[in-house]
Amino acid sequence: MSILVTGGLGYIGSHTIIELINQNEEVVCIDNLSNSKITMLDQIEKITGKRITFYQVDCLDKDALENVFKKHDDIDTIIHFAGSKAVGESVVKPLLYYENNLMSTINLLNLMIKYHVNNFVFSSSATVYGNPERVPLFETDKIGGTTNPYGTTKLIIEGILQDVYKVHKELNIAILRYFNPIGAHESGLIGEAPNGIPNNLMPYITQVAIGIREKLSVFGDDYPTPDGTGVRDYIHVVDLAKGHVAAISKLRTNSGLVIYNLGTGKGTSVLELVHAFEEANGVKIPYVIAPRRAGDIAECYANCDKAKKELNWVATHSIVDACRDSWRFQQYFTKMESEK
Ligand code: NAD
Ligand code: UFG
């Protein structure tokens, strides 16, 4: 039995592959390297001692994708991470996002049906809840009202999966709604290293800490939250990765279509995260209060009781763990870049 991981050399995929190897799963990974580097294979090998099977394949290339299914007839599960994820870019290049995210999923679903691969894990996002009417968010809460094409691709794909499941009851599908992944593997060898100016808070903080950026802009301090800054549910990427292992166990019991929030259940404000980082690492993060960012919401955090009950999974790492691990990786990454 092996697991096909699409987009496996990216941030969440690479951490998940490590957890799969830790569970003695056989992994076949594909990635088109559009937002990752081939050297990730070496990093995974350094951490696990294992060289995974890898193909540089684009999920939009139906023939190349089919060849992977033909070659590995023992694949029973697919974890589909591959996709484009930058919210701002999706506003400027909507067709790229609709094409990449929707077509890669459709191509995989067609091949799953053709080759009788029944288990599918999909990387969805808390973004499908739009602007929440209340927090914490439950899986049964209303979805919709996404404010950018990226978020809309996740919403549409969830709908596609529901429709396909109605007529393919042999499929087991886990829709995992991630909240805000941060942190890095504790080895410091892999983590999040975005190209250009980071969109997300944690990579921006680590780049300020290392001196690549002068100061953080805190987008708004007038939200109806305890300190006025935005509140999110920051989940350590290793906890998130373990959530995938738990979801696969569930699928293998013939679960049908299941949906889980993967978060911590706890909201943390921008300033709380900044201060946690400073305390965890003994580094000052200069910041200024800037205007609100368009499309941002005040508060977003999960209720995670369903994943606890049905997957026997809970996030165990703290914000402080995540701050320490993100910083360790940023220092390692900067050193590696400077030695190139
Ligand atoms: P990432 O960009 O680090 O990883 C995605 C990987 O997919 C990259 O390695 C990229 O090269 C590859 N890829 C993209 N298009 C591809 C294609 N057509 N064929 C093959 N490979 C392709 O992103 P990530 O943070 O690891 O996110 C993984 C998934 O989780 C994405 O679907 C993302 O939308 C979703 N997600 C991420 C977050 C987050 O904050 N990081 C939150 C919610 C959901
Ligand atoms: N923020 C700042 N300054 C920055 C960056 C972010 O103040 O430089 C603030 C934001 O305003 C927000 C919080 O930090 O209040 C978190 O922002 P992120 O950009 O890190 O995360 P978002 O919650 O906006 O969005 C992320 C992903 C989306 C995903 C969503 C839910 O970028 O793709 O989490 O999973 F859909």
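# Notebook: helix α11, two ligand shells, two single residues

I started with the buried side of α11. In α11, I find Ile319, Asp321, Ala322, Cys323, Asp325, Ser326, Trp327, Phe329, Gln330 and Tyr332 buried. I note here that the model is predicted.

I then looked up what these buried residues face. They pack against α2 (40-48), β7 (180-182), α7, β10 (234-236), β12 (268-269) and α9 (270-281).

An α-helix has 3.6 residues a turn, so residues three or four places apart point the same way.

Next I checked the length of α11. The helix covers residues 319-338, 20 residues in all. At 1.5 Å a residue the expected span is 28 Å, and the end C-alpha atoms are 28 Å apart, so the two agree.

I also looked at where α11 begins. A side-chain oxygen of Ser318 comes within 3.3 Å of the backbone nitrogen of Val320.

**Ligand 1**

Which residues come nearest to ligand 1? I count 26 residues around the ligand, and Asp31, Asn35, Lys85, Asn100 and Tyr150 are the nearest.

I went through side-chain polar contacts one by one. An N or O atom in the Asn35 side chain sits 2.7 Å from an oxygen atom of ligand 1. For the side chain of Tyr150, the distance from an N or O atom to a ligand 1 oxygen is also 2.7 Å. For the Lys154 side chain I read 3.0 Å, again from an N or O atom to an oxygen of ligand 1.

How much of ligand 1 does the protein bury? Taken alone, ligand 1 exposes 830 Å², and the protein buries 95% of that.

I then sorted the shell by element. Those giving two or more residues to the shell around ligand 1 are α1 (11-22), β5 (119-125) and α6 (149-167). β5 gives the most, with three residues. By class, I have 11 nonpolar, 11 polar and four charged residues in this shell.

**Ligand 2**

I repeated the search for ligand 2. It has 22 residues around it, with Ser125, Asn200, Ser217, Arg232 and Asp296 closest.

Two backbone contacts came up. A backbone N or O atom of Leu201 is 2.9 Å from an oxygen atom of ligand 2. A polar backbone atom of Phe219 is 2.9 Å from an oxygen atom of the ligand. I add a side-chain contact: an N or O atom of the Arg293 side chain lies 2.8 Å from a ligand 2 oxygen.

On its own, ligand 2 has 690 Å² of accessible area, and the protein covers 88% of it.

Which elements give two or more residues to the shell around ligand 2? They are α7 (201-210) and β8 (216-219). The largest share comes from β8, with four residues. By class, I log 12 nonpolar, seven polar and three charged residues.

**Ser2**

Is Ser2 buried or exposed? Ser2 is at 4% relative accessibility, so I class this residue as buried. Ser2 belongs to strand β1 (residues 2-6). Leaving out residues up to four places away in sequence, Ser2 touches Glu26, Val28, Asp74, Ile75, Asp76 and Thr77.

**Lys308**

I closed with Lys308, in helix α10 (residues 305-311). The relative accessible area of Lys308 is 52%, so I class this residue as exposed. Beyond four places in sequence, Lys308 touches Trp313 and Val314. I also checked Lys308 against Leu262: they are 46 residues apart in sequence and 9.7 Å apart in space, C-alpha to C-alpha.

Note on methods. Residues are numbered from 1 along each chain as its sequence is written. Chains are lettered from A and ligands numbered from 1 in the order in which they are written. This is a predicted model: local features need pLDDT of at least 70, side-chain atom pairs count only at pLDDT 80 or more; totals for chains, interfaces and linings use all residues. Side-chain values use heavy atoms; hydrogens and water are left out. A residue is near a molecule or strand if one of its heavy atoms lies within 4 Å of it. A polar contact is a pair of N or O atoms within 3.5 Å; within protein, one must be able to donate a hydrogen and the other to accept it, and residues adjacent in sequence count only if both atoms are side-chain atoms. Accessible areas come from the Shrake-Rupley method with a 1.4 Å probe; for residues, only the protein chains shown count as cover. Ala, Val, Leu, Ile, Met, Phe, Trp, Tyr, Cys and Pro count as nonpolar, Asp, Glu, Lys and Arg as charged, and the others, Gly among them, as polar. Buried means under 20% relative accessible area, exposed over 50%, partly exposed in between (1.4 Å probe, protein chains only). Contact means heavy atoms within 4.5 Å. The expected span of a helix is 1.5 Å times one less than its number of residues.
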